[in-house]
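Biologist: I have this model open on my screen and would love a guided close look at a single part of it. Could you pick up the thread there and then lead me outward to the rest?

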Amino acid sequence: MKMLLAAMAITLTTGSAALAFDTETQAVIDRHKANKPVSMTDVATLMRSSEQWCYINQDHSCAWTDIYLEVTNLGVTYEIGNAWDAETDIAFTDKGVFRDDRYICETGADWVPTVRATRRSDDSVIAGRQLWELKQAIYTTRDGDTQDCFDYLYLRSDADQQTITLLQRQYTDDQHVEGNDVEVSLHFNAEDAAGLTWRW
């Protein structure tokens with residue numbers, strides 16, 4: 001009887017872990033080993049099924065986040081959010097294109113008109129002249145922007161937390177910029193993702 005109960009416990013444990021990710025996401029996990037590149041086809045699957053991507057995650061606080069709004073075979077539309085300064089959070093919509101089933105590349109699209117802003121103290125909306133002035137300040141920081149590309153290495157997954165961790169690598173003029181490699185945690189649980197914050 002004890003052996004039967006133990007076998008049932010193992011079955012229930014492994015069964016719950018298997019249900020932590022949807023079938024397509026689990027298939028991506030099963031295909032990859034640590035520190036190996038992830039094809040953009042698989043990255044696109046993760047973009048579709050995840051709730052939010054958190055870059056440089058420190059105790060559920062993110063340097064910035066991505067939410068993938070639309071994912072096609074050619075590229076993505078996504079929302080980026082981050083703290084602009086100690087008082088202000090911003091979010092904006094940008095686009096990326098897939099290249100060679102390995103990279104996602106910036107398009108140079110003007111995303112500044114899509115910027116929305118809130119006060120960090122109380123989440124109240126910033127609008128009118130204040131928002132206009134913020135957008136002009138953002139434009140001044142974009143001088144000399146490059147159109148970079150990124151690829152991803154698979155690092156690990158956590159079925160209990162419903163997260164996958166990748167390493168994002170940046171390429172400028174097709175050259176790897178090693179100092180800009182960052183870990184990104186992909187969150188698949190909506191409630192968990194809603195609890196992510198941006199730090200300044």
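The talk below begins with one residue in a helix and moves on to the strands and loops.

Biologist: Please take me to Thr45. Where does Thr45 sit, is Thr45 buried or exposed, and which residues is Thr45 in contact with, leaving aside its neighbours within four places in sequence?

Modeller: Happy to! One thing to keep in mind is that this is a predicted model. Thr45 belongs to helix α3, which covers residues 40–49. Its relative accessibility is 14% and the cut-off for buried is under 20%, so Thr45 counts as buried. Once the neighbours within four places in sequence are set aside, the contacts of Thr45 are Glu24 and Val28.

Those two partners take us to the next helix. Both Glu24 and Val28 are among the residues with which α2 makes its contact with α3, together with Thr25 and Arg31. On the α3 side, Thr45 is joined by Asp42, Leu46 and Ser49. By class, this contact holds two nonpolar, three polar and three charged residues. Two packed helices are described by the angle between their axes and the distance between the axes. Here, α2 (residues 23–31) and α3 pack at about 140°, and their axes are 9 Å apart. The crossing of the two helices is left-handed.

Let me step back for a moment, to set Thr45 in the whole chain. There are five helices and 14 strands. Of the 200 residues in the chain, 42% are buried, and Thr45 is itself a buried residue. The C-alpha atoms fill a box of roughly 75 × 40 × 30 Å along the principal axes. Among contacts with a separation of 6 or more, 53% are between residues 24 or more positions apart. As for the surface, the chain exposes about 11500 Å², and 52% of that comes from carbon and sulfur atoms.

Now for the strands, where β13 is a good place to start. Strand β13 spans residues 182–187 and is mostly covered, with five of its six residues buried. It pairs with β2 (residues 52–55) in the antiparallel sense, over four bridges. If you want a spot to click on in that pairing, Gln52 stands opposite His187. Strand β13 also pairs with β11 (residues 163–172), again antiparallel, and six bridges join these two. There, Ile164 is the residue opposite Leu186.

Another set of pairings involves β8, at residues 116–119, which runs antiparallel to β6 (residues 88–99) with four bridges between them. Ala91 and Arg116 stand opposite one another in this pair. Strand β8 is also joined by two bridges to β9 (residues 125–126), in the antiparallel sense. In that pair, Ala117 has Ile126 as its bridge partner. Strands β8 and β9 form a hairpin with five residues between the strands, and Asp123 has a positive phi near 65° in this hairpin.

Asp123 is a handy link to two loop residues with positive phi values. His60, which is not a glycine, has a phi near 75°. You will find it in the loop between β2 and β3 (61–62), so following β2 onward from its pairing with β13 is a convenient way to look for it. His60 counts as partly exposed because its relative accessibility is 27%. Asp174 is likewise not a glycine, and its phi is about 65°. The loop between β11 and β12 (175–176) is the place of Asp174. With a relative accessible area of 51%, and exposed meaning over 50%, Asp174 counts as exposed.

To finish, have a look at Tyr78 in strand β5, which covers residues 75–83. Tyr78 has a relative accessible area of 10% and is therefore buried. Not counting residues up to four places away in sequence, Tyr78 touches Asp66, Ile67, Tyr68 and Leu69, and also Phe92, Thr93, Asp94, Lys95 and Gly96. Phe92 to Gly96 fall within the range of β6, residues 88–99, the strand that pairs with β8. Pro37 lies 41 residues from Tyr78 along the chain, and the C-alpha atoms of the two are separated by 22 Å.

Note on methods. Residues are numbered from 1 along each chain as its sequence is written. This is a predicted model: local features need pLDDT of at least 70, side-chain atom pairs count only at pLDDT 80 or more; totals for chains, interfaces and linings use all residues. Side-chain values use heavy atoms; hydrogens and water are left out. Buried means under 20% relative accessible area, exposed over 50%, partly exposed in between (1.4 Å probe, protein chains only). Contact means heavy atoms within 4.5 Å. Axes are lines fitted to C-alpha atoms, for helices over the stretch in contact, and angles run from 0 to 180 degrees between N-to-C directions. A crossing is left-handed if the near helix is turned anticlockwise from the far one by less than a right angle, and right-handed if clockwise. Ala, Val, Leu, Ile, Met, Phe, Trp, Tyr, Cys and Pro count as nonpolar, Asp, Glu, Lys and Arg as charged, and the others, Gly among them, as polar. Accessible areas come from the Shrake-Rupley method with a 1.4 Å probe; for residues, only the protein chains shown count as cover. Two strands pair if DSSP finds at least two bridges between them.
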